[in-house]
Amino acid sequence: MAEEILEMKNIIKDFPGVRALDHVNFKLEKGEIIALVGENGAGKSTLMKVLSGVWPYPTYEGDIFLDDEIIRFKNTREAEEAGIGIIHQELNLLPDLSVAENIFLDKQPLNKFGGIKWNEMYYEAEKVLSRLNMDIDPRMDLGDLTVGKQQMVEIAKALSLDTRILVFDEPTSALTDSEIKELFRVIKDLKADGVSMIYISHKMDEIEKIADSVVVLRDGATIGDKINIQDVTIEEIISRMVGRDIDNLFPKQSFERGEKTLEVKNISIADPFNPEKYLVEDVSFSAYKGEILGISGLMGSGRTEVVNAIFGVYGKKREGDIFLNGKKLNIQSPADAINNGIALITEDRKELGLLLDKNLTINMTLPSLEKFSTKLVMDHHAEKSTAEKYVDELNIKTPGLDVFVEKLSGGNQQKVVIGKWLITESDVLILDEPTRGIDVGAKTEVYRLMNQLVEKGVTVIMISSELPEIMGMSDRILVMSEGVKTAVLEREEADEETIMKYATGNKGVE
Amino acid sequence: MKKFIKSNGTFVALIFLIIALSFLSPSFLSSRNLTNLVRQVTINGIIAVGMTMVILLAGIDLSVGSIVGLAAVVVTLLMQSGLSMWLAIIITLAAVGGVFGFFNGFMSAKFDIHPFIITLGVMTIARGIGLVLTQGVSVPVRNMTFAGIGSGYIPKLPSLIILVIALVLGIFASIKDSVEIKNGEKVKNKAKLTGRIILTASGFAAGFLIFIGYKGIPVPVAIFSVIVLGGVYTLRKTKFGRKLYAIGGNEKVAWLSGINIMRTKTMVFVITGVLSAASGILLASRLNGASPNLGTGFELDAIASVIIGGTSFMGGIGTITGTVIGAIIIGVINNGMSLLGINTFYQMIVKGFIIILAVMIDVLNRRETA
């Protein structure tokens with residue numbers, strides 16, 4: 001048995017109304033690489049935040065032992081000094097400073113007048129970078145490096161602190177294939193040096209390649225013990241991740257599939273920050289009357305980008321064609337999409353869906369101003385009676401039509417957004433995470449409404465990161481991974497394991 | 001009542017200011033003084049109507065003062081060269097106001113540059129062109145009809161008729177506005193109706209006492225009133241107005257709701273440019289000529305009126321009526337302090353404090369409701 005370096009014992013972390021971590025136990029040995037896996041919201045990030053002092057003691061319960069000694073960090077700095085470093089998904093660097101300045105951001109070597117000893121700093125930076133076998137000039141501006149090299153700088157920054165435990169949070173989501181290879185080489189070198197690592201990822205193929213063992217989190221609890229990677233199959237890991245029952249939360253109604261309405265062909269979106277990479281690559285699919293098309297995929301899989309592309313958000317940067325009822329559409333902006341009968345309920349209702357300091361009526365009629373206006377004058381009465389009609393139909397709980405929407409609850413705000421797009425009477429309604437952050441009752445109401453729309457002949461497309469929701473409401477499920485379409489599954493053939501398999505990068509045939 | 005004071009704070013402040021000044025200086029309330037006061041307000045007020053729209057978009061327009069100066073110079077030179085008055089005015093509105101306004105709006109919207117920078121550039125450019133055209137000296141104009149625009153009056157009888165028509169229309173609009181829809185049925189909001197009618201009636205009374213008591217309605221005041229009504233109407237009743245508030249509230253949400261951000265922004269700057277040019281023409285007419293330095297610093301008074309009038313610098317919140325009250329407050333302060341014999345240098349200091357005070361009250365109010 002190798003030497004144990006870290007143990008987290010019975011960790012409990014509560015947020016208002018939710019237990020994010022429930023008696024989590026976690027052990028890490030010297031030089032070991034543990035893959036920490038679980039669905040979105042399973043508690044992986046929370047656990048790492050407890051470990052790294054983002055959530056200081058005593059905001060959590062339980063004990064953390066480092067080298068058999070109890071440690072209780074007050075802040076992230078103490079964790080760093082104890083040798084725990086995190087490489088975040090979003091890099092934590094300053095692009096306008098040099099590589100060396102980034103590595104030694106708040107600990108530059110100083111002379112006795114408080115000036116920076118530049119030569120010494122560059123020399124030290126070179127030393128750390130050479131430990132990674134990376135050929136990076138520490139004098140360069142960080143912003144001139146590729147994303148992959150920037151990540152190496154982030155790793156070098158962690159190593160400059162004598163880090164013994166290094167956490168990677170989805171490190172490959174912004175990297176190209178060759179950059180991923182380079183990263184894995186560095187990880188193996190560090191392992192040989194005795195650094196222990198925790199590797200958070202959704203990508204099963206990576207986990208198989210790099211990890212020694214796997215810990216599965218689900219709903220804030222560890223499922224089973226730590227398992228050696230050789231003793232387990234990917235299918236077993238996935239079933240541990242998702243294994244729960246779907247109850248009758250989903251009032252799914254099935255209708256006969258009608259004619260093809262929306263068709264997209266070869267949609268691609270280049271990554272604005274990394275021209276070698278695509279956010280969405282060559283995606284084609286069709287949607288039909290009388291069905292709900294579900295789009296599934298993990299975070300960063302490109303599912304939101306695909307529907308944004310259809311809605312004109314990327315303007316001229318979108319490649320590929322969009323057809324509606326056989327007619328090719330020229331969509332360069334959201335206005336074009338709306339005029340062609342396509343509506344998009346965005347994921348982030350507070351930032352992208354609502355004018356929070358405006359009243360309910362103004363919010364609901366915003367995309368349909370033409371309907372309530374002659375050449376010059378708006379018909380305020382027609383506007384209000386339409387808003388009132390939808391408040392009744394959607395069962396929106398509000399003291400009145402003049403209430404600022406920021407005063408409404410999350411579920412009612414979401415209904416206002418839905419009402420806003422129903423008023424446009426579009427042929428295609430795309431819903432991006434329509435039930436995020438709203439309570440169970442409101443969720444069911446949203447599902448019922450989707451049924452009604454399908455019955456009326458609206459083509460409904462729903463993105464969701466919750467598998468039960470996708471499986472409960474969709475007639476067909478399009479699965480995406482890393483910007484490409486990996487499968488289109490019929491309702492009958494879609495179970496959680498199959499969807500997860502395709503969402504984690506396995507390419508299937510249509 | 002408490003609620004009324006809170007939501008109409010600047011209006012209440014204006015009333016107090018007027019009451020205080022009428023005690024301090026007996027000549028303040030004379031029809032003659034008030035007529036002059038209102039006429040002085042119009043020059044800044046016309047610009048401030050446009051500035052309200054710009055600030056509603058969370059923008060700013062620093063070029064208005066220079067456009068005032070250039071428009072005054074151009075209209076004067078065009079008339080000197082023998083062009084008829086109306087042609088000269090129309091060309092100036094379009095070529096100075098329209099073109100520079102379009103440039104301001106288009107450049108900032110298309111290339112996503114903050115309008116502060118574009119209009120700062122245009123501020124210098126327009127001023128420079130004015131200096132080049134005049135070689136830096138004042139240019140006179142001798143045209144009695146033109147002079148009549150800036151300093152003339154509508155005679156008393158027609159003025160009275162206009163005021164009565166305004167009263168009737170105002171009451172009519174109040175009745176129409178007070179109808180609300182509740183559960184699909186039209187209901188009259190009695191409190192709102194009474195409030196509106198009282199305001200309309202006191203407006204009529206004030207207009208009667210001020211203008212009919214002196215020489216009638218000054219022509220610039222009539223023009224200003226039409227512009228204000230047009231502005232209020234645009235913001236309250238048209239799609240365009242709604243789009244402005246939406247963009248100011250959250251540009252991204254507005255864009256995702258299908259609003260053409262670039263067109264709306266450009267239009268707002270064109271309106272502001274044309275209104276500034278109109279203000280410059282009025283000024284030239286009143287002075288019977290133009291100096292290339294006319295309008296220097298006018299952008300500050302216009303911005304101050306908008307801010308005192310309660311428009312949020314963050315965009316999305318504000319009204320033209322508020323701005324008009326703001327402009328009148330600035331006018332009253334200038335006028336009152338002159339009457340009291342206070343040196344203009346002190347007036348600047350006082351004005352500065354009032355701007356800061358107005359914004360502070362606004363911020364504190366908002367924090368309380370949040």
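# Exercises on a predicted two-chain model

In chain A, helix 9 (residues 303-310) lies across strand 11 (260-270), strand 12 and strand 14, and runs at about 65° to strand 12. The model is predicted. Work through the tasks in order.

## Exercise 1: the open sheet

Task. Find the strand order of the open sheet of 4 strands in chain A, and state which strands stand at the edges.

Solution.
- Step 1. Read the order: 12-11-14-15, with antiparallel pairing.
- Step 2. Look at the ends. Strand 12 (278-288) and strand 15 (327-329) of chain A each have a single partner strand, so one side of each has no neighbour in the sheet.
- Step 3. Add the twist. On average, neighbouring strands of this sheet are turned by 20° against each other, direction ignored.
- Step 4. Check one pair. Strand 14 (residues 319-324) and strand 15 of chain A are joined in the antiparallel sense over 3 bridges. Within strand 15 of chain A, A:K328 is the bridge partner of A:F323.

## Exercise 2: strand 17

Task. Decide whether strand 17 (residues 428-432) of chain A is enclosed or open, using the burial of its residues.

Solution.
- Step 1. Count. In this strand of chain A, 5 of the 5 residues are buried, so the rest of the structure largely encloses it.
- Step 2. Recall a rule. Side chains in a regular strand alternate between the two faces of the sheet.
- Step 3. Apply it by face. A:V428, A:I430 and A:D432 are buried on one side, and A:L429 and A:L431 are buried on the other.
- Step 4. Find the partners. Strand 16 (residues 342-345) of chain A pairs with strand 17 of chain A in the parallel sense over 4 bridges. Strand 18 (residues 459-463) of chain A pairs with strand 17 of chain A, also parallel, over 5 bridges.
- Step 5. Name residue pairs. A:V428 is the bridge partner of A:I342. A:D432 stands opposite A:I463 in strand 18 of chain A.

## Exercise 3: the nonpolar core

Task. Which residues touch the most other members of the largest nonpolar core?

Solution.
- Step 1. The core holds 193 residues, and the answer is A:I155, A:L262, A:I310, A:I342 and B:F146.
- Step 2. Its largest share, 10 residues, comes from helix 3 (residues 31-56) of chain B.
- Step 3. Follow A:L262. Beyond its neighbours within four places in sequence, its contacts include A:F285, A:I310, A:F323, A:I342 and A:V428.
- Step 4. Another core lies apart, with 29 residues, among them A:A42, A:F73, A:I84 and A:L217.

## Exercise 4: salt bridges

Task. How many salt bridges are found over all chains? Then compare three of them by place and burial.

Solution.
- Step 1. The search finds 29.
- Step 2. Take A:R72 and A:D63. Their side chains meet at 3.2 Å, N to O. A:R72 is partly exposed at 40% relative accessibility, and A:D63 is partly exposed at 23%.
- Step 3. Take A:R77 and A:E81, with closest N and O atoms 3.6 Å apart. The two are 4 residues apart in helix 2 (residues 76-81) of chain A, so about one helical turn separates them. A:R77 is partly exposed at 43%. A:E81 is exposed, at 57%; the cut-off for exposed is over 50%.
- Step 4. Take A:E383 and B:R242, which meet at 2.4 Å, N to O. A:E383 lies in helix 13 (residues 380-393) of chain A and B:R242 in helix 11 (residues 239-249) of chain B, so this pair joins two chains. Both A:E383 and B:R242 are buried.
- Step 5. Finish with a network. A:R257, A:E291, A:R476 and A:E490 are joined by salt bridges that share partners.

Key:
Residues numbered from 1 in each chain as written. Chains lettered and ligands numbered in written order. Predicted model: local features only at pLDDT ≥ 70, side-chain atom pairs only at ≥ 80, totals over all residues. Heavy atoms only, no water. Buried < 20%, exposed > 50% of the residue type's maximum accessible area, 1.4 Å probe, protein only. Pairing = 2+ DSSP bridges. Axes fitted to C-alpha atoms, helices over the stretch in contact; angles between N-to-C directions. Contact = heavy atoms within 4.5 Å. Core = buried A, V, L, I, M, F, W, Y, C linked by side-chain atoms within 4.5 Å. Salt bridge = Lys/Arg side-chain N within 4 Å of Asp/Glu carboxyl O.
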